[in-house]
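I opened my notebook to look at how one protein chain is put together. Come along and read over my shoulder.

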Amino acid sequence: MHTRRVTYQHTIEYEVINTSNLFHPQNCALLSAGRVEDARRFVVVDSSVEKHYSAAIREYFAYHHVEAKIVTFPGGEENKTIDYYQSIVRELDSFSIHRRDEPIIAIGGGVLTDVVGFVASSYRRGVPHIKVPTTLMGYVDASIGIKTGINFNGNKNRLGAFHAPQMVLLDKSFLKTLPRRHILNGVCEIIKLAVIKDADLFHLLEAHGAQSVDAHFQDEQGGIILDHAIAGMLEELQPNLFEEDLARKVDFGHTFSYGLETRHEAHLLHGEAVLLDILISTLIARARNLLSEEETSRIFRLTNALGIELDASILNPCLLWQSLTERTYHRNGLQRVPMPRGIGGCVFLNDINTDEIESAVKTLEDRITVKHEII
Ligand SMILES: NC(=O)c1ccc[n+]([C@@H]2O[C@H](COP(=O)([O-])OP(=O)(O)OC[C@H]3O[C@@H](n4cnc5c(N)ncnc54)[C@H](O)[C@@H]3O)[C@@H](O)[C@H]2O)c1
C-alpha cells in the first residue's frame, strides 16, 4: 500500500461593514471589492427592494461606469427552490462574469442571499459574492455567516454549501420599508441570542425592544440592539464557521421549528417557528429547573411586550418529536439541543423525551391566548 497525503489550508476572511446610503454615488462600499476598471457586475435584487430602489441602483452603477446586469428575484420561502436557483444560474451564464474579480452582488432578504450564495458557491465551482441584507432576519442572521442553500425534496436547506461572502454590507435603512410582521420575524432571532447567551441583550430588549420595533430599528437604541446581536452572532459563528462542533448555541430555537416550518411553510415565517420553539424549550427548561419561574415569566413577558402573536394550535407533539428526530440525524446522532440555563446561559441536552414535549405543548397552549392572524 502506498499513501500520498494532501493537505491544504485555506483562510476564511470577510468583513461585515456598517454603512449608510449604500446607493449614494459617493459611497464606494458596493464596489470596494473586485475590479473597477472595465468592470461588470451581476446583481440580484429582491423584487420588493427593487420597487423602492430601482432607479438608485441603476444610477449608481452608471455613475461608476460599471456595466451591471440587474436581475430581480421574488423573496418568500416558496421561492427558495431549485427552479429559481437554475433561473439565476442561466441569467448569470448569459452574462459571463470574470471568475475572480467581478463579485456577484446579492441584495435582499435571507431567501435571496441563501439562494444567490448557493449560486455563487457552485457556479464555476465557486465565484465571489457580496451580501446586502434588506430584512431584519438577513441583517442579524442569514447574511453574516457562510451558509447558503435552497429547499429540496420537501426539506428546508437540503442542498447548500458553506461559502463565505467577500463582504457583507449592512445598511439598516433598508428596514424602513420592511412590513412589521417581517421586523418581528427578525426580532425572534435576536430574542434567541438574548436568551441563550446574552443577558445584557435581553435587558436591552426589555427596556427598548418595543419602541425599536415601532421605529423599524432606525432609533438609537435600535442601532445598539442590532450591533449587540450581530456581535453576539459573529462571536458564535467565527470559531465554528464550518460547524465542526455540532453543539451550537445559535441552534437554540432551531430544533422543533424545523418540522413546524416545513409543515406550515405557507403561513409560518422562519422566526415565528423559531419563537414557538424557544417557548417550548423554555418550558422544558423550566420543568427541569434550568430556569426559575421568574426567568420563564420574563421570557413570556418580553414576547408579549414586543407584540409577537403566535398560533399555538399548530403545536402537535408528534410533529415536534419527528422534528427532533430529524435534527438528531442532522447533528450526527445526538440531540444536542441548546437549552437556557438562566437567562444568558446555555446547556446542551441529549435526553429530551416525548412526555416532556407533550407537557410543554399543553402548558404553552394555555399560556398563548392570542391567535396569530395571517397577514
Ligand atoms: N444562511 C443562514 O445562516 C440563515 C440564517 C437564518 C435564516 N436563513 C434563511 O432566511 C430565510 C428567511 O429570510 P427572510 O425572513 O429575510 O425572508 P425573505 O427573504 O423571504 O424576505 C421576506 C419578505 O420581505 C421582502 N423584503 C425584503 N427586503 C425588503 C425591504 N427592505 N422592504 C420591504 N420588503 C422587503 C421580501 O420580498 C419577502 O417578501 C429562510 O429561508 C431561512 O432559512 C438563513
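**A pair of residues in a sheet**

I started small and looked up lysine 131, whose bridge partner in β8 is valine 168. I kept in mind that this is a predicted model.

Next I asked which way β5 and β8 run beside each other, parallel or antiparallel. Strand β5, residues 129-133, and strand β8, residues 167-170, pair in the parallel sense, over 2 bridges. A reminder to myself: strands of a sheet pair through backbone hydrogen bonds.

**The whole sheet**

Then I followed the neighbours outwards. I found an open sheet of 6 strands with parallel pairing, and I wrote down the order β1-β8-β5-β4-β2-β3. Which strands sit at the edges? They are β1 (15-18) and β3 (67-73), and each of them pairs on one side only. I also noted the turn between neighbouring strands of this sheet: 20 degrees on average, with direction ignored.

A helix came next. Helix α2, residues 82-93, packs on the sheet and touches β2 (40-46) and β3. The direction of α2 makes about 165 degrees with that of β3.

**Two domains**

Finally I stepped back to the chain, which is divided into domain 1 (15-176) and domain 2 (179-367). Their centres, taken over C-alpha atoms, are 27 Å apart. The contact takes 19 residues from domain 1 and 25 residues from domain 2.

Which elements give two or more residues to the side of domain 1 that touches domain 2? I found α4 (136-142) and β7 (155-162). Of these, α4 gives the most, with 5 residues. By class, that side of domain 1 has 9 nonpolar, 4 polar and 6 charged residues.

Conventions
Residues numbered from 1 in each chain as written. Predicted model: local features only at pLDDT ≥ 70, side-chain atom pairs only at ≥ 80, totals over all residues. Domains from an automatic or database assignment. Contact = placed C-beta atoms within 7 Å. Helix = DSSP H or I, 4+ residues; strand = E, 2+ residues; numbered from the N terminus. Nonpolar A, V, L, I, M, F, W, Y, C, P; charged D, E, K, R; others polar. Pairing = 2+ DSSP bridges. Axes fitted to C-alpha atoms, helices over the stretch in contact; angles between N-to-C directions.
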